[in-house]
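Subject: A structure for you to look at

Hello,

I am passing on a structure that you have not seen before. Please open it alongside this message, and then read on for what turned up in it.

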Amino acid sequence: MPTPAKGYAAQSAETPLAPFSFERRDPQGDDVAIDILYCGVCHSDLHTARSEWEGTLYPCVPGHEIVGRVTAVGGDVTKYKVGDLVGVGCMVDSCGHCPSCHDGEEQYCETTGFVGTYNGPDPVMGGHTFGGYSDHIVVKEGFVLKINHDEADLAAVAPLLCAGITTYSPLRHWKVGPGQKVGIVGLGGLGHMGVKIAAAMGAEVYVFSTSPGKAEDAKRLGAKGLIVSKDEAQMAEHANSFDFILNTVAAPHNLDAFLGMLKRDGTMTLVGVPDSPHPSPSVANLVFRRRSLAGSLIGGIAETQEMLDFCHSHGLTADIEMIAMDEVNTAYDRMQKSDVKYRFVIDMATLKQD
């Protein structure tokens with residue numbers, strides 16, 4: 001029998017998130033039931049709740065940066081037990097048999113596409129999935145992650161489930177490491193994790209930003225320096241010198257300025273998804289130095305676990321501001337103005353007290 005759940009949902013693109021009651025499934029054979037302790041607030045949550053991307057299904061319960069404690073497991077579960085600390089990221093299912101799923105790259109599932117933690121088709125309950133702005137969640141064992149960080153760090157671990165893996169995956173795929181010069185475009189929720197992870201991988205890291213005032217923070221996070229992207233002299237000083245650039249900005253902008261920073265054979269990878277296209281970059285900027293422009297989407301489950309273990313071994317968590325559940329609409333407004341350093345995290349105990 002389904003179990004009652006409560007959370008916060010948007011009923012339309014124009015309405016604020018508000019208390020919402022719904023049902024979760026009872027754990028099936030391979031399911032893990034999780035009491036949600038903390039949930040990060042991702043810009044994707046705002047985009048979806050406010051229908052800035054196409055395809056939002058209402059009511060919409062966002063949240064895909066989930067950390068919690070196991071409360072029950074199905075009879076076929078072998079990796080987790082009641083009391084374990086676990087995480088859930090951006091997806092809760094995939095077809096499991098296409099080439100990408102077979103390779104552990106479920107985020108690129110070629111048959112059905114991955115099932116999002118929210119706003120995806122719910123294969124068990126019908127309708128669509130509801131995310132982590134809620135008191136509990138039930139997820140297939142294969143899409144649950146083990147958390148090894150100390151309990152005192154759990155709130156700051158939550159954003160790793162999206163911001164962490166979104167930046168780790170391309171840095172890992174393009175083999176960032178010692179001896180490389182790496183740029184991070186944008187110093188927000190994604191960018192600050194990109195700096196931390198790239199620096200922990202041994203790269204020499206620079207932040208590209210339009211805000212000179214972020215220089216001190218960039219260095220605190222592990223960067224060697226900050227390059228003001230609207231300062232032509234600073235940009236010229238670093239032209240043709242970067243091995244890899246991770247572009248985290250989710251607003252349309254001129255990509256050519258950053259492509260010109262790459263060495264021959266350098267790559268810039270986009271992880272921010274704007275709600276309208278970037279201006280088309282110059283082909284000559286790519287052709288004459290064999291540069292590459294690429295994209296990357298989160299990471300598979302195995303790589304997400306690898307990222308969590310890497311962050312644990314290097315003492316990495318997100319820089320967060322904790323909020324109560326009923327502060328989420330204000331947090332959305334502030335996030336839209338980049339008024340957070342660098343990720344809001346909801347203390348779900350505040351939902352349970354309502």
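Is the crossing of α4 and α5 left-handed or right-handed? It is right-handed. Before going further, please keep in mind that this is a predicted model.

**Helix α4 and its partners**

Let me stay with that pair of helices for a moment. Two packed helices are described by the angle between their axes and by the distance between those axes. Helix α4 covers residues 163–173 and helix α5 covers residues 189–200; their axes come within 8 Å and cross at roughly 50 degrees. Angles from 65 to 115 degrees count as roughly perpendicular, under 35 as roughly parallel and over 145 as roughly antiparallel, with the rest called oblique. α4 and α5 are therefore oblique to each other.

If you would like to display the contact, select Ala-163, Gly-164, Thr-166, Thr-167, Tyr-168 and Leu-171 on the α4 side. They meet Gly-189, Leu-190, Met-193, Gly-194, Ile-197 and Ala-198 in α5. By type, the residues of this contact are seven nonpolar and five polar, with no charged ones.

α4 also meets helix α10, which spans residues 301–313; here the axes come within 10 Å and cross at roughly 100 degrees. That crossing makes α4 roughly perpendicular to α10. From α4, the residues involved are Gly-164, Ile-165, Tyr-168, Ser-169 and Arg-172, and from α10 they are Glu-303, Thr-304, Glu-306, Met-307 and Phe-310. This contact divides into four nonpolar, three polar and three charged residues.

**The six-stranded sheet**

Next, have a look at what α4 lies across: β10 (181–185), β13 and β14, with the helix running at about 155 degrees to β13. These strands belong to an open sheet of six, in the order β12-β11-β10-β13-β14-β15, and the pairing is parallel. At the edges are β12 (225–228) and β15 (292–295), each of which pairs on one side only. Ignoring direction, neighbouring strands in this sheet are turned by 25 degrees against each other on average.

Within the sheet, β13 (residues 242–247) and β14 (residues 262–270) pair in the parallel sense over five bridges. To find one place in that pairing, look for Ile-245, whose bridge partner in β14 is Met-268.

**A β-α-β unit**

Further along the chain, strand β16 (residues 320–323) runs parallel to strand β17 (residues 343–347), and four bridges join them. Ile-320 has Arg-343 as its bridge partner in β17. Together with helix α11 (residues 328–336), β16 and β17 make a right-handed β-α-β unit.

**Some backbone details**

Most residues other than glycine have a negative phi, and most peptide bonds are trans. A few spots here are worth a look with that in mind. The peptide bond from Tyr-58 to Pro-59 is cis, with omega near -5 degrees. Pro-59 sits in the loop between α1 (43–49) and β4 (66–73). Ser-51 is found in the loop between α1 and β4 too, and it has a positive phi of about 55 degrees although it is not a glycine.

Another cis peptide bond joins Lys-341 and Tyr-342, where omega is about -10 degrees. Tyr-342 has its place in the loop between α11 and β17.

**One more residue**

Finally, Glu-110 lies in the loop between α2 (99–102) and β7 (115–116). Which residues is Glu-110 in contact with, leaving aside its neighbours within four places in sequence? They are Cys-98, Pro-99 and Ser-100. From Glu-110 to Ile-245 it is 135 residues in sequence and 27 Å in space, C-alpha to C-alpha.

Enjoy exploring it!

Best wishes

Technical notes
Residues are numbered from 1 along each chain as its sequence is written. This is a predicted model: local features need pLDDT of at least 70, side-chain atom pairs count only at pLDDT 80 or more; totals for chains, interfaces and linings use all residues. Side-chain values use heavy atoms; hydrogens and water are left out. Axes are lines fitted to C-alpha atoms, for helices over the stretch in contact, and angles run from 0 to 180 degrees between N-to-C directions. Helices (H or I, at least four residues) and strands (E, at least two) are DSSP runs, numbered from the N terminus. A crossing is left-handed if the near helix is turned anticlockwise from the far one by less than a right angle, and right-handed if clockwise. Contact means heavy atoms within 4.5 Å. Ala, Val, Leu, Ile, Met, Phe, Trp, Tyr, Cys and Pro count as nonpolar, Asp, Glu, Lys and Arg as charged, and the others, Gly among them, as polar. Two strands pair if DSSP finds at least two bridges between them. A crossover is right-handed if, with the strands pointing away from the viewer, the path from the first strand over the helix to the second runs clockwise.
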